[in-house]
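This report concerns the surroundings of a ligand and the pairing of strands in a single model. The sequence and coordinates are shown below.

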Amino acid sequence: MSKIVTLDETIEVQRPLYEVFAYVSEFSRIEEWDPAVARGIKLTPGVPAVGSEYRIDMNAGFSLHYRMLEFEKNSRMLMTVNSRLFTAREEILFEKVGKRTRVRYIANFDFPAPLAAFSRLYPAAMDRVGKSAMAGLKESLEDNFETPHESKLLATADRLIFPGIWRFTKLGYRESRRRWNAVSAYQGDRHALITGATSGLGLAAARQLAELGARLTVVARSKSKARKLVADLKAQTGNDRVVFEIADLSLMSEVHALCDRLLAAGEPIDMLINNAGALFNPRQQTAEGFENSFALLLLSPYILTERLHPLLQKAESPRIVNVLSGGMYSQKIKVNDLQSQRGSYSGSVAYARAKRGLMILTEEWAEIWGDSGIVVNAMHPGWADTPGVETALPGFYRVTKRLLRTPEEGADTAVWLAASTEAARVSGKFWLDREQHPSHLSGRTQETADERHQLLKTLEELRESTIAKKWKRHRKTSA
Ligand SMILES: NC(=O)c1ccc[n+]([C@@H]2O[C@H](COP(=O)([O-])OP(=O)(O)OC[C@H]3O[C@@H](n4cnc5c(N)ncnc54)[C@H](OP(=O)(O)O)[C@@H]3O)[C@@H](O)[C@H]2O)c1
């Protein structure tokens, strides 16, 4: 004989109803708040609605299949649950109570005969499961997590080759992930600008931010790719507030034109993710005469960020996230050879030096813009399986393929830095897997104050001279 077990738990949190509903109704996020859940996977595209389906993998080794039966925005959701152990109907009710929100969770589990005996013998076990899930949800919604501090242990491990490199793989991601907190901060009133969103990490970050409900502007150099990207993001996430801007970011004429358009539109930017990148071998110059790595990886994000400062300042909790690379650990900035003109050229070295330059800018911007509330951080995605890595480093890709993270895993820290409440409290740091890491592993790569000054001066001069310049190529294309 089967047995019906009912759980009925209620929590209250100091958050507006619409924020609570936006967070809880995307049910795959249960992985952030229910300690019994290992993974929440959304099986159907679009925003949560009647018919949405989820697979919830439990730590205990079995999976639950959820299907949304009824869905009333800001009020109620009813789901059926199927698994090999039991079936259930789960109802979540939302109610405004003054400035607080009450969430009531009612579940009716139907255990088949053999397990019915277990549930009869251990009713308290079921009760505990329900209570710990709701306690987890309350903690997630209260969103009062401590910002991770710099750790001496991590910094020491980074200096040892094997532990340092192991962190870059998917194993490092999985190990760190166990310590993460929920990201329940409401993104529906925030605007993100992401470069390089047509592929790899930028695409994953754009998808994650769209799922969180942010309004997105994606910057791409190809109109056809941009159109497809926007259509795909809208279809997959159900977020239709996604637009594109076209700019080849290795051309300063196009970076300035992009800034002009964004400044004219005047929309505040809450999250600027400088992600576009590539590794160039052999040495190449843009049509404007800049070495490619320097142009795309350093001068371009410098000009974009500097010029968009007024729009960042207009936002409530502005964040800048610079996507760097662990490769920068191997290089010092060469202020007298920013464009790799001296000696033999290596694409990896030019790439690492440009990333090092953007790390210096991260620290400088954090310092000078700290008072205006703009938070600037840099991150290393680890080694992620993206088209960029496969094309630029085929040998490395072949050897490490099985250890590479997914683009979603690589992009996670960028999204966390841009969106989470706790990441707004620290600026000018370098992150991997939501943990702070040193920006140098050895004094050998440390620049002097004079070198910093010279780097900033050179970039500033180039920003000004490229504004004024009438590029031949640009004139031709716009004629
Ligand atoms: N994947 C990793 O393991 C890894 C590790 C460390 C750091 N990173 C960094 O992560 C970032 C993303 O890399 P990824 O691996 O995701 O590479 P990816 O798959 O090649 O994506 C690069 C993105 O940048 C865009 N882009 C390249 N050149 C551009 C230009 N001139 N103008 C405008 N957009 C341009 C690409 O656009 P198109 O589609 O038009 O080419 C694409 O959207 C890069 O900054 C990279 O240095 C990656």
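How do the residues of the shell around the ligand divide into nonpolar, polar and charged? In this predicted model, the shell comprises 13 nonpolar, 13 polar and three charged residues.

**Ligand shell.** The ligand is surrounded by 29 residues, and the closest are G196, G200, G277, T386 and G388. Two or more residues of the shell are contributed by each of helix 8 (200-211) and helix 14 (387-392).

**Open sheet.** Eight strands form an open sheet with mixed pairing, in the order 10-9-8-11-12-13-14-15. Strand 10 (242-246) and strand 15 (435-437) are the edge strands, each pairing on one side only. On average, neighbouring strands of this sheet are turned by 25° against each other, direction ignored. Within the sheet order, strand 8 is followed by strand 11; L193 has L272 in strand 11 as its bridge partner.

**Strand pairs.** The table lists three pairs with their sense, their bridges and one residue pair each.

| Strands | Sense | Bridges | Residue pair |
|---|---|---|---|
| Strand 8 (191-195) and strand 11 (271-274) | parallel | three bridges | L193 and L272 |
| Strand 5 (76-82) and strand 6 (87-97) | antiparallel | seven bridges | M79 and E90 |
| Strand 6 and strand 7 (100-111) | antiparallel | 11 bridges | A88 and F109 |

**Hairpins.** Strand 6 takes part in a hairpin with strand 5, with four residues between them. Strand 6 also forms a hairpin with strand 7, with two residues between them. In the turn of this hairpin, G98 has a positive phi of about 65°.

Technical notes: Residues numbered from 1 in each chain as written. Predicted model: local features only at pLDDT ≥ 70, side-chain atom pairs only at ≥ 80, totals over all residues. Near = placed C-beta within 6 Å. Nonpolar A, V, L, I, M, F, W, Y, C, P; charged D, E, K, R; others polar. Pairing = 2+ DSSP bridges. Axes fitted to C-alpha atoms, helices over the stretch in contact; angles between N-to-C directions.
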